[in-house]
Amino acid sequence: MKRSIKKTAFVSAITACLALSGLALYSSAQNAVTDLTVWLPAGAPEAGPPPADWEVYKIIREKLNINLKLVVAPIGAEGETKLGALAAANDLPDLFEMRNRNQFFQLAGQGLLGNVKPIVKFMPQRNLERYKNDDLNLLATVNGTMVGLQEAQLLYKRTSLLIRQDWLDKLGLKTPTTLAEFMNVAKAFTEKDPDGNGKNDTYGLGINSDWTPGGFDIIYGAYGTVGNWNLGSAASFKLNAREANYRKATEFVNTLIEAKVVDPDWPTLKTNDFRNRWKQGKYGIFAEDFCAAMCSFNYAPFDASNPTGALKTLQPPVGPDGKSSSGTFAAAGTLLTASKKAIDAGKGQAIARLLEWANSGEGYYSLAFGKRGLNYNLDRNGVVTAAGIEPANLYNSANFLKFTHMRNLALNGRPKELAARYPIFKTSNGRTITPMDFYRASFATPHTNIISTFLIKPASNQADLDRYINENRIQFQLGQKPINDTTWNQFVNGLNSLRANEYEATAKQTLITAGFLK
Amino acid sequence: MLTPTALPTAKKSVVSRLVYAIWQHRTLYLMLFPGLLYFIVFRYGPLWYTQIAFKDFSPILGVEGSPWVGFKYILEFFNSYYFSQLMTNTLIISLAKLIFGLPLAIILAIAFAETRLRFLRSSVQTITYLPHFLSWIVMAGVLLALFSPSEGLVNKGMGLVGQDPIAFLTDPRYFVAILVGSDVWKETGWSAILYLAALMSIDPSLYEAAAMDGATRWQRIWHISLPGMLNVIVLVTLLRLGGILDAGFTQVFALYSLPVYSVSDIIDTWVYRQGIQNFQLSVAAAVGLFKGVIGLILVVVANRIARKVAGTGLY
Amino acid sequence: MVKSFGSRGDKVFDFGLNFFLILVLIVTIVPLSYVVIISLKPLVMPNQATPLVSFGAYIELLAQPSFLRAALNSFVLLVGGVTLNMVLTTLSAFALSRKSLPGRGVILAFILFTFLFNAGLIPQFLLIKNLGLLDSLPSVVLPGAISVYNLLIMIAFLQNLPESLGEAARIDGASEFQVLWYVMLPLSKPILLTVGLFYAVNNWNEFFLPILFLSDKDLMPLPVVLRDILSSLNSAEYVDGNRQATIAPPDAIKMAAVVLTTLPMLMVYPWIQSHFTKGVLLGGVKE
């Protein structure tokens, strides 16, 4: 009796489901227009929104049956706060890009993100090109459900050391390779007036502490302890701060600082100040993103104050055990998520249609470069060029910025695209600079892959733990605290009073389960 | 028939007298109505949602539907590793700003009112009012230009007299002074406006009478100007005490760095890193309520003292 | 006013006073001038003579297509906001300054409570959303319509005025609105201007509420837009290869932005100052 009731209920549920999906199919066959709210961080922070009569809106409505509402979101903490507020109100946009993984875990844990696995089949070509990487898919999987479309980073390992080749030549020094040589060159750059202006106003080393707390990744890299974690193997997995080599690296940083070869302002410098200073020619060696240094817009101020200045990619110095690293990298780029509400409301297919359209052909060009003949042209090889285009309308002119907010959905990082985005230019004294050469040079230096750590969820006292490690490290580096066995052991033992051991155990389990750690 | 006004009889009950008093003030209540409506909707409305401080907030269940967890989140704050340091830093910075900033603003306002050089008065007034408009982000740049050990003006000046550069911004010994000093520098001229307005509202005939009696200017300031400003001074002090656990988030956040966390990490910067950056809304809400409770206690106590000592208070 | 020039104590007093003011002036002006000097810094051009000062940073900012619209947005928010602020605050303060008002203490405590307990951004967002005010200009001005601080200050000042003035008018048959408008307000000019200025500056500098409550970038006020312009000056993340170079160094543009946002507030101040003179009350009392 009971059984038959269950059976009947089951059958009728199936029937209802079939009827509903039939209805859904029917309505999509009717080409009903789907309303889609898409939230994307601004393509350029200062650009306004695209006008309501933007041609792309029209194409999307007519060809894809999507009534697109684009929300241009603030970049950074404000955008995240706003997204958090929308989440708290259970009012997330249908499709949105997330740039903060903690927030991603948070929203996923609260069940606000929809399962996107079922919709990838509706975008066959994009799926083939972007969502076939198991490691990346793992990054977007929470509690066994794929709640995000994790794309690869188009250009990774972008950051490396740059050195003033002109200063090396002037002082008759050779490119440093070991830590000792690195120290000597930094000293010479600080003390021997490499810019020849008669003033003692240069530093061997400039550090951007805004970026990675503490800066000095290259030094920790030389001792094999760059990044937060020792990811070598399941047996050695722990916080790098516990490693003996971490102390050695910290000691070396301390000797650099005591030798006064580092700009003493480094702990308080924001990225902007740091960049202004190397552009003024204050630093001989510094780590920088290739485009932040070598793209024409960013290079111009440096060129103006250092017309004969020559920047060259520098291999990170090699430590006592033969290790070296330009810093950490993770090749994970755009993370697209859909709200559970949108997926439940059957908007998945519309989302897939939009993404597939943006992936190639008309959609790709419209979102990345605008309108052919008006904003860009194609040369014989199919490469985007500025030939024959009014400069004011050009795809990388200031006027075009307001049309760039959706380009992250389209860009694919292929050579043709990169040639258009990072064009070759000439310096004021006629040298030719190819930004992509600097990217390739940076790419060729050793970097440390930390992509697996993206899976590690923050500890419940993450803020305190971060502060404890970073604060102690900088106190040791600056010499505010002497480095000896007593002080160092006190620091390492103190980790457990912040329950670091529990955090390590959980993190280790996560990575082993995911197959990143053996 | 007599109107009720003419008949304030003791026979009338308390209730009917109250109703009568309320009716007599009906226009005033009408004037008060939009303001009260504002407070109910826009101030108490959001406060309703701060119940997430005691809940495991889930947006899907909504604010009301989320399960209660009691004092879990506030205890998380109390038991956090740096709690006592955060409290100490917050109180020191906050009190120092009050102790140095308030008297200076009052003195400046009196100086404006007393000086006979009109040109000096108006130029100083305008100039001191300007720093208020610099955001703390910009101030961070200005302070770096002044105090940086490599190219700061102050260190260059000290270099001339043979002094080694001091890292004012990254040395815990100096950083609190930088915080308090820059706040006083930025806000004193602005705060003085209020005290000046109080001075301008004092009846000039009082000064004239005092001058006739041969009072010196010190005596006039002491016996007329200060008492004339007293209720505003008490008011501002009480309100500042109510916000004693707000030590100035935007300022500290823009200026602090890892080497000086030990003296400058305050409750609000902790909440930002733990609650906002890690999206723990309940922690942020719980700490907010805690700050409110402390403020409430301080205001009630201080108000009592103020009424006894100065004869004026908030309520 | 009787002035006792000539006495020795007085001279010393005056000297000390003016010395103090000059000291304050110097201490304030040195860092401030740094802001202005940097804003006029010229861009060093290779192979060209560099001028001593340049207005390039100001031109760069004013030429931004979003600048004018943002300034207009800010102006609308300022005028609308301050009007709302002043009407609500004045009416409430007038009512609450009357000590005979039944329930006054309770209402004051009710208001003071909201000063101490601040709900935070997310609860505010939930409220604005539930009221259906998201993406509308009122959402930016309504949450701060009355500042408890300013309200209490105004109450304190109104209480300081002699009660006899209002009483006399009431006996003459004036309504409460008439008492407020014809008797009290003219007597409280310094505090009205002060509180108005406080509100104006708050509205002018409002930064986070527009970001949180408005989605349309075309509605953003000046501080938000300026910040966005600044954050694009030195970045690798959002910017492609050959963007047009600016005609001024980034730090000059940053400081020019500060000067430009401060300028309107600087211009109203002398006007307010001119009303800050003694004897405002005198006329009223002698009447």
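Biologist: Which residues are exposed on the other side of α4(C), away from its buried ones?

Modeller: Those are C:G105, C:V106 and C:A109. Exposed means that 12 or fewer other C-beta atoms, placed from the backbone, lie within 10 Å of a residue's own; buried takes 20 or more, and partly exposed is in between. Bear in mind that this is a predicted model: local features need pLDDT of at least 70 and side-chain atom pairs 80 or more, while totals for chains, interfaces and linings use all residues. Residues count from 1 along each chain as its sequence is written, with chains lettered from A and ligands numbered from 1 in the order in which they are written.

Biologist: Which residues of α4(C) pass the buried cut-off?

Modeller: C:I107, C:I111, C:L112, C:T114 and C:F115 do.

Biologist: Why say that they line one face?

Modeller: Looking down the axis of α4(C), the buried residues fall within an arc of 150°, so one face of the helix is lined by them. That arc is taken from the directions from the helix axis to the C-beta atoms. Residues three or four places apart point the same way, because an α-helix has 3.6 residues a turn.

Biologist: What do those buried residues pack against?

Modeller: Partners come from two chains: α2 (26-49) and α11 (217-242) of chain B, plus α3 (65-96) and α7 (148-160) of chain C.

Biologist: How do you know that the length of α4(C) is close to what is expected?

Modeller: The rule is 1.5 Å times one less than the number of residues. For the 13 residues of α4(C), 104-116, that gives 18 Å, and the helix reaches 19 Å from first C-alpha to last.

Biologist: How many helices and strands does chain B have?

Modeller: Chain B has 15 helices and zero strands. Both are DSSP runs numbered from the N terminus: H or I over at least four residues for a helix, E over at least two for a strand.

Biologist: What makes residues of chains B and C count as being in contact?

Modeller: Their C-beta atoms, placed from the backbone, must lie within 7 Å. By that test, 74 residues of chain B touch 75 of chain C. On the chain B side, α2(B) gives the most, with 15 residues.

Biologist: And how many residues of chain C touch chain A?

Modeller: There, 34 residues of chain C meet 42 of chain A. The largest share of the chain C side, five residues, comes from α5(C).
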